[in-house]
Amino acid sequence: MAFRNSLILAFSLGITAAFLDFASAGAAEPIRCTVIIDEQSGETLYRQGTCDQGFYPQSTFKLPLAMMGYDAGILTDAENPRWKYQAKFGGPDRVKKDVDPLIWEKDSIVWYSQELTRKLGKRAFADYIQRFGYGNRDVSGGLTEAWLMSSLKISADEQVQFIRRFLTGGLPISEHAVDMTLAITPHFEAGDGWDIQGKTGSGWLRDKAGKTDRDRPLGWFVGWAMKDERRVIFARLLVDTKRYPKEPISFVVRDGLIEDFPKLAERF
């Protein structure tokens, strides 16, 4: 009888342990990171959260795309080329308009990015990614999709290091490409005299079946902030466990970073 009771107890404990393991494995937690580095020295000024894990860059990839486009001579200035929207591009009403580089970055127009990569071509696109050392450098997801919840991934730590190479002349691109990318990157005013430039990006993680998981939205805000003669570089990431029905998660991430920045800057 004692032996039988022991077996029942062991079986029950095993079931309980398995259930707890399953529950633990299935319980998703938000993933957060904020990292700020000094442009000149590269010193880490602030770093909190999971900053070394790679995720889809989404529309933050419009920054390296602008660098490629200007360096290759496909983009010329802030207002040219102005490409016409075509019905085959699809998308929401807000993207159904003619778009120039300034509008492209400000309104985050995906079809303009995809037209740009088509004009670059597979070989040049892949070559830029390799020479930029961008993230995991995996463009197997395709010429127009690699950065959109596909093969290309980058961590927050890699984001700030990439931006630092851009700002300090460490990328193999022309001065014109640097100047024009700076010119079209959106500005945001933060408190205490900080001027922020940066790009948002939003999307979702994929589940084990490769389908979009709407309960795991991904939001980025990546760029640099300047006050007087000092410039620092930042990346903020949030992978949440709830939906954002009213606005993209990236807007929440962006607005939070802008609000937090003066306090964060007191540390450096």
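**Serine 108**

I started in the loop between α3 and α4 (110-120), where serine 108 is found. This is a predicted model, so I am reading computed angles throughout. Serine 108 has a positive phi of about 55 degrees, although it is not a glycine. Is serine 108 buried or exposed? At 13% relative accessibility it counts as buried, since the cut-off is under 20%.

**Aspartate 228**

I then looked up another positive phi in a residue other than glycine: aspartate 228, near 55 degrees. Aspartate 228 sits in the loop between β5 and β6. Its relative accessible area is 65%, so I put it down as exposed, the limit being over 50%. So serine 108 is buried, whereas aspartate 228 is exposed.

**The cis peptide**

I checked omega at proline 81. The peptide bond leading into it from asparagine 80 is cis, with omega near 0 degrees. Proline 81 belongs to the loop between α2 and α3 (101-107).

**Strands β4, β5 and β6**

Next I followed the strands around aspartate 228. β4 (residues 195-206) runs antiparallel to β5 (residues 212-227), and I have 11 bridges for that pair. I picked out one bridge in it: glycine 198 is partnered by glycine 223 in β5. The β4 and β5 hairpin has five residues between the strands, and glycine 210 there takes a positive phi near 85 degrees.

β5 also pairs with β6 (residues 230-239), again in the antiparallel sense, over 10 bridges. Here I noted tryptophan 224, which stands opposite isoleucine 233 in β6. This hairpin has two residues between its strands, and aspartate 228 is in the turn.

**Helix α6**

I wanted to see whether the length of α6 (residues 156-167) came out as expected. At 1.5 Å a residue, its 12 residues should span 16 Å; the end C-alpha atoms are 17 Å apart, which agrees.

Which residues of α6 are buried? I listed Ala156, Gln159, Val160, Phe162, Ile163, Phe166 and Leu167. Looking down the axis of α6, I find these within an arc of 160 degrees, so they line one face of the helix. That spacing fits the general rule: an α-helix has 3.6 residues a turn, so residues three or four places apart point the same way.

I also looked at what lies over that face. The cover on the buried residues of α6 includes β1 (31-38), α2 (62-72), α5 (122-132), α7 (175-184), β5 and β6. Just after α6, glycine 169 has a positive phi of about 80 degrees.

**Helix α5**

I repeated the exercise on α5. Its buried residues are Phe125, Tyr128, Ile129 and Phe132. They cover an arc of only 100 degrees around the axis, which puts them on the same side of α5. On the other side I found Lys122 and Arg123 exposed. Among the elements covering the buried residues of α5 are α2, α4 and α6. Glycine 133, just after α5, takes a positive phi of about 60 degrees.

**The cores**

How many residues are in the largest nonpolar core? I have 59, and those with the most contacts inside it are Phe61, Met68, Trp104, Trp111, Phe125, Phe132 and Ile173. The elements giving two or more residues to this core are β1, α2, α4, α5, α6, α7, β5 and β6.

I took methionine 68 for a closer look. Leaving aside neighbours within four places in sequence, methionine 68 is in contact with Phe61, Leu120, Phe125, Tyr128, Ile129 and Phe132. Phe125, Tyr128, Ile129 and Phe132 are the buried residues of α5 again. I also found a second, separate core of 19 residues, including Ile36, Tyr46, Val253 and Ile258.

**Whole chain**

Last, I stepped back to the overall layout. I have eight helices and six strands in the protein chain, in the order α-β-β-α-α-α-α-α-α-β-β-β-β-α along the sequence. The protein chain has 268 residues, and 47% of them count as buried. Among contacts with a separation of 6 or more, 63% come from residues 24 or more positions apart. The protein chain exposes about 13,700 Å², of which carbon and sulfur atoms supply 51%.

Notes: Residues are numbered from 1 along each chain as its sequence is written. This is a predicted model: local features need pLDDT of at least 70, side-chain atom pairs count only at pLDDT 80 or more; totals for chains, interfaces and linings use all residues. Side-chain values use heavy atoms; hydrogens and water are left out. Two strands pair if DSSP finds at least two bridges between them. Helices (H or I, at least four residues) and strands (E, at least two) are DSSP runs, numbered from the N terminus. The expected span of a helix is 1.5 Å times one less than its number of residues. Buried means under 20% relative accessible area, exposed over 50%, partly exposed in between (1.4 Å probe, protein chains only). The arc is that of the directions from the helix axis to the C-beta atoms. Contact means heavy atoms within 4.5 Å. Accessible areas come from the Shrake-Rupley method with a 1.4 Å probe; for residues, only the protein chains shown count as cover. A nonpolar core is a set of buried Ala, Val, Leu, Ile, Met, Phe, Trp, Tyr and Cys residues joined through side-chain atoms within 4.5 Å.
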